[in-house]
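Work through the exercises below with the sequence and the model in view. Each task is followed by a solution in steps.

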Amino acid sequence: MTHALDTTFAALADPTRRAILTMLLEDDMAVTDVADPFDMSLAAISKHLQVLTQAGLITQEKRGRVKWCKLEPDAMRGASVWMQGFGQFEPVNLDAFERFLETELRDVKTKEASAVTDAPD
């Protein structure tokens with residue numbers, strides 16, 4: 001159980017991976033569609049997707065020539081149960097978690113936009 005928790009929390013520690021999870025809350029997505037909003041290479045996105053896959057948070061499958069990503073809704077159950085053991089946390093509310101991830105994504109985009117506009121010419 002400890003290794004699974006370590007892997008889950010390590011995957012969630014990165015803002016790019018949390019943003020990807022937020023995107024996948026809507027629907028399954030092709031890897032290229034997942035990569036579109038990010039200012040990084042497809043190879044870098046693929047590494048993030050691999051981390052999420054290894055943590056069991058998403059699955060990837062090939063459909064024809066396209067690789068698709070799907071959120072695994074029960075993947076965070078172990079982390080939720082572990083946090084509840086402290087008595088300070090309520091069961092994970094996926095709607096609240098989605099709002100949290102959307103806020104994080106907005107914050108990341110705002111910081112990126114600010115960095116671009118504040119950059120010297």
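**Exercise 1: The sheet**

Strands β2 and β3 are joined by six bridges and pair in the antiparallel sense. This is a predicted model.

Task: Work out the order of the strands in the sheet, and state which strands lie at its edges.

Solution.
Step 1. Start with β2 and β3, which form a hairpin with two residues between them. Gly64, in the turn, has a positive phi of about 70°. Across the pair, Lys62 stands opposite Lys67 of β3.
Step 2. Add β1, which runs antiparallel to β3 and is joined to β3 by two bridges. Here Ala30 has Trp68 in β3 as its bridge partner.
Step 3. Put the pairs together: the three strands make an open sheet with the order β1-β3-β2 and antiparallel pairing. The edge strands are β1 (29-30) and β2, since each pairs on one side only.

**Exercise 2: The chain as a whole**

Task: State how many helices and strands the chain has, and in what pattern they follow one another.

Solution.
Step 1. Count the elements: the chain has six helices and three strands.
Step 2. Read along the sequence, which gives the pattern α-α-β-α-α-β-β-α-α.
Step 3. Turn to burial and contacts. The chain has 121 residues, of which 30% count as buried. Among contacts with a separation of 6 or more, 52% are between residues 24 or more positions apart.
Step 4. Look at the surface: about 8,000 Å² is exposed, and carbon and sulfur atoms supply 54% of that area.

**Exercise 3: Helix α4**

Task: Check the span of helix α4 against its number of residues, then find which of its residues are buried and what they pack against.

Solution.
Step 1. Helix α4 covers residues 42-54, which is 13 residues. The expected span is 1.5 Å times one less than the number of residues. For α4 this gives 18 Å, and the end C-alpha atoms are 18 Å apart, so the two values agree.
Step 2. The buried residues in α4 are Ile45, His48, Leu49 and Leu52. Down the helix axis they fall within an arc of 100°, so they line one face of α4. An α-helix has 3.6 residues a turn, so residues three or four places apart point the same way.
Step 3. On the face turned away from the buried side, α4 carries the exposed residues Lys47 and Gln54.
Step 4. The buried residues of α4 pack against the helices α1 (2-12), α2 (15-26) and α3 (31-35), and against the strands β2 (58-63) and β3 (66-71). Helix α4 lies across β2 and β3, at about 120° to β2.
Step 5. Just after α4 comes Gly56, with a positive phi of about 80°.

**Exercise 4: Helix α1 and Met76**

Task: Find the buried face of α1, then say which residues Met76 touches.

Solution.
Step 1. In α1, the buried residues are Leu5, Thr8, Ala11 and Leu12. Seen down the axis they lie within an arc of 135°, so they line one face of α1.
Step 2. The exposed residues Thr2 and His3 are on the face turned away from the buried side of α1.
Step 3. The cover over the buried residues of α1 includes α2, α4 and α5 (77-84).
Step 4. Met76 is in the loop between β3 and α5. Its relative accessible area is 18%, and the cut-off for buried is under 20%, so Met76 is buried.
Step 5. Leaving out residues up to four places away in sequence, Met76 touches Thr8, Leu12, Leu57 and Phe97. Thr8 is 68 residues from Met76 along the chain, yet their C-alpha atoms are separated by 7.3 Å.

**Exercise 5: Two residues compared**

Task: Are Thr16 and Lys67 buried, partly exposed or exposed?

Solution.
Step 1. Thr16 is in helix α2, and α2 lies across β1, β2 and β3, running at about 90° to β3.
Step 2. With a relative accessible area of 14%, Thr16 is buried. Apart from residues up to four places away, Thr16 touches Phe38, Met40, Ile45 and His48.
Step 3. Lys67 is in strand β3. At 41% relative accessibility, Lys67 counts as partly exposed.
Step 4. Beyond its neighbours within four places in sequence, Lys67 is in contact with Met29, Ala30, Val31, Gln60, Glu61 and Lys62.

How values were computed
Residues numbered from 1 in each chain as written. Predicted model: local features only at pLDDT ≥ 70, side-chain atom pairs only at ≥ 80, totals over all residues. Heavy atoms only, no water. Helix = DSSP H or I, 4+ residues; strand = E, 2+ residues; numbered from the N terminus. Buried < 20%, exposed > 50% of the residue type's maximum accessible area, 1.4 Å probe, protein only. Arc of directions from axis to C-beta. Contact = heavy atoms within 4.5 Å. Areas by Shrake-Rupley, 256 points an atom, 1.4 Å probe, with all protein chains shown as cover. Pairing = 2+ DSSP bridges. Axes fitted to C-alpha atoms, helices over the stretch in contact; angles between N-to-C directions.
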